[in-house]
Structure formats: C-alpha cells, structure tokens
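Here is a short walk through one model, written for someone who likes to know the cut-offs. Have the coordinates open while you read.

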Amino acid sequence: FLIFYFLLIRPQQRKQKEHEKLLKAVGKGDRVVTTGGIHGLVTGVSEDVLTLEIANLKGDRVRIKVDRGRIDRRIEKAKGEDS
C-alpha cells in the first residue's frame, strides 16, 4: 500500500492541487485552453463562468461562456500581472 501511495495517489493529489490553484488564478486578459481544445482570451470573469473571446471575424467578436472547471491550462498571463 505504501508503494501504491507514493507512486499513484500522492502525485495525483499534488497535480489536482496545482490545477485548483490555476483555476483560482485565471483572470481577465489571460490566454487559456479549455479541456475541449478551444483556445481563447479571457474577457469576462465571474465566480463559476469565464467569457472567452475565440475569434474576431470582420470586426465581430466571437465570445463563448465556459465553466471555470473546464479550463485545462493557461498559455499566457495577462500583461502587467506579477508572479
């Protein structure tokens, strides 16, 4: 059981904590990728929902709303943001 804990359970818990920290830190101006593979720029933030701008076609901005938990990773932080 001890080997199983150190090889599987502990690394998974650490990865989950890092992902939760990332989700809390995502803010306006960040570039993110969703779990579905959609790349976008965060233009609006609420507690559970993020608004992503995914395209700019002929002056019209295409925006979608995504559940905060569906963000997979942050590609780029907003300009001027520290750490």
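## A buried glutamate and its partners

E53 counts as buried because its relative accessibility is 17%, where buried means under 20% relative accessible area, exposed over 50% and partly exposed in between (1.4 Å probe, protein chains only). Before going further, the ground rules: this is a predicted model, so local features need pLDDT of at least 70 and side-chain atom pairs count only at pLDDT 80 or more, while totals for chains, interfaces and linings use all residues. Residues are numbered from 1 along each chain as its sequence is written, and side-chain values use heavy atoms, with hydrogens and water left out.

Back to E53, which sits in strand β3. Strands here are DSSP runs (E, at least two residues), as are helices (H or I, at least four), and both are numbered from the N terminus. Skipping neighbours within four places in sequence, E53 is in contact with G40, L41, T43, R61, V62 and R63; contact means heavy atoms within 4.5 Å.

Two of those contacts are also salt bridges, that is, a side-chain nitrogen of Lys or Arg within 4 Å of a carboxyl oxygen of Asp or Glu. The structure holds four salt bridges, and three of them are listed here.

| Salt bridge | N to O distance |
|---|---|
| R61 and E53 | 3.7 Å |
| R63 and E53 | 3.6 Å |
| D72 and R73 | 3.5 Å |

The R63 and E53 pair links distant parts of the chain, with R63 in strand β4 (residues 60-67) and E53 in strand β3, ten residues apart. How exposed are the arginines? R61 counts as exposed because its relative accessibility is 55%, whereas R63, at 44%, counts as partly exposed. In the other pair of the table, D72 is partly exposed with a relative accessible area of 36%, and R73 is partly exposed too, at 43%. Salt bridges that share partners tie E53, R61 and R63 into one network.

## Next door: L52 and the core

L52 also lies in strand β3. Is L52 buried or exposed? It is buried, because its relative accessible area is 0%. Not counting residues up to four places away in sequence, L52 touches V32, T34, L41, V42, T43, V62, R63, I64 and V66. The C-alpha atoms of L52 and R63 are separated by 5.4 Å, although the two residues are eleven apart along the chain.

L52 belongs to the largest nonpolar core, nine residues in all, made up of L22, L23, V26, V32, V42, L50, L52, V66 and I71. A core of this kind is a set of buried Ala, Val, Leu, Ile, Met, Phe, Trp, Tyr and Cys residues joined through side-chain atoms within 4.5 Å. Which elements give two or more residues to this core? They are α1 and β3 (49-57). Another core member, L22, is in contact with D72, R73 and R74 once its neighbours within four places are set aside, and D72 and R73 are themselves joined by a salt bridge.

## Out on the surface

At the start of the chain, F1 is found in the segment before α1 (2-25). F1 counts as exposed because its relative accessibility is 77%. F1, I3, F4, L7 and L8 together form a nonpolar surface patch with about 640 Å² of accessible area. Patches are made of residues with over 30% relative accessible area and no salt bridge, joining like charges within 9 Å and nonpolar side chains (Val, Leu, Ile, Met, Phe, Trp, Tyr) within 5 Å. The areas come from the Shrake-Rupley method with a 1.4 Å probe, and for residues only the protein chains shown count as cover.

## The whole chain

Zooming out, the protein chain has one helix and five strands, running α-β-β-β-β-β from the N terminus on. The radius of gyration is 16 Å, while a compact globule of 83 residues would have one near 12 Å; the value is taken over C-alpha atoms, and the globule rule is 2.2 Å times the number of residues to the power 0.38. Along the principal axes, the C-alpha atoms fill a box of roughly 60 × 30 × 20 Å.

Buried residues make up 24% of the 83 in the chain. The chain exposes about 6,500 Å², with carbon and sulfur atoms supplying 53% of it. Of the contacts between residues at least 6 apart in sequence, 37% join residues at least 24 apart.
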